[in-house]
Amino acid sequence: MSHAGGHLDLSRPLLSGIYDVDARDYPALAAQARRHELALRRIDLADCTGKAALLARIADTLQLPEDFGFNWDALADCLRDPGWQPAWGHVLLFEHVDPLRRGAPHDFAILRGVLDDAATFALEHDRPFFAFFPLPATDD
């Protein structure tokens, strides 16, 4: 098990952020999120190769408000004020990200930036917020 999956305390807002981990750590992370009563969402990005599909998948998975604007600013606003999923903290596990990572690296980078801003905002409000991405697949 990697460092993040085995030693990261998801109940500590000070550790909020974005982490790249071995996908095999996801079950332990999910179990810890449930144990600490954090809102847990798995966001499957299979077939997401650009911004429109990515934002639609996130909006659907997170059950964002009907008036969600399907743009980066709207996503940032929702993640800063997570009334869509009341909880004292949030854990997002992203799955199947390699097609987006390779096919739309700019959109992938913006997503990570929005998530990083959300984690910083949550930290400032003493709420845990974690986003986990699987390490890139290797071509071994």
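Trainee: Does Arg24 count as buried or exposed, and at what relative accessibility?
Mentor: This is a predicted model, where local features need pLDDT of at least 70, side-chain atom pairs count only at pLDDT 80 or more, and totals for chains, interfaces and linings use all residues. Residues are numbered from 1 along each chain as its sequence is written, and side-chain values use heavy atoms, with hydrogens and water left out. Buried means under 20% relative accessible area, exposed over 50%, and partly exposed in between (1.4 Å probe, protein chains only). So Arg24 counts as exposed, at 67%.

Trainee: Which side chain does Arg24 meet in a salt bridge?
Mentor: A salt bridge here is a side-chain nitrogen of Lys or Arg within 4 Å of a carboxyl oxygen of Asp or Glu. The N to O distance for this one is 2.5 Å. The partner counts as partly exposed because its relative accessibility is 22%; that's Asp22.

Trainee: Where do Arg80 and Asp77 both lie?
Mentor: Their side chains meet in a salt bridge, 3.5 Å from N to O. Arg80 is partly exposed at 29%, and Asp77 is partly exposed at 48%. They sit 3 residues apart, about one turn of the helix (helices being DSSP runs of H or I, at least four residues, numbered from the N terminus). That helix is H4, residues 72–80.

Trainee: Are Asp98 and Arg101 buried or exposed?
Mentor: Asp98 forms a salt bridge with Arg101, with the closest N and O atoms 2.5 Å apart. Because they are 3 residues apart in helix H5 (residues 98–103), about one helical turn separates them. As for accessibility, both Asp98 and Arg101 are buried.

Trainee: How many salt bridges does the structure hold?
Mentor: Among them are Arg24 with Asp22 and Arg80 with Asp77. Asp98 with Arg101 is another one. The structure's total is 5.

Note on methods: Helices (H or I, at least four residues) and strands (E, at least two) are DSSP runs, numbered from the N terminus.
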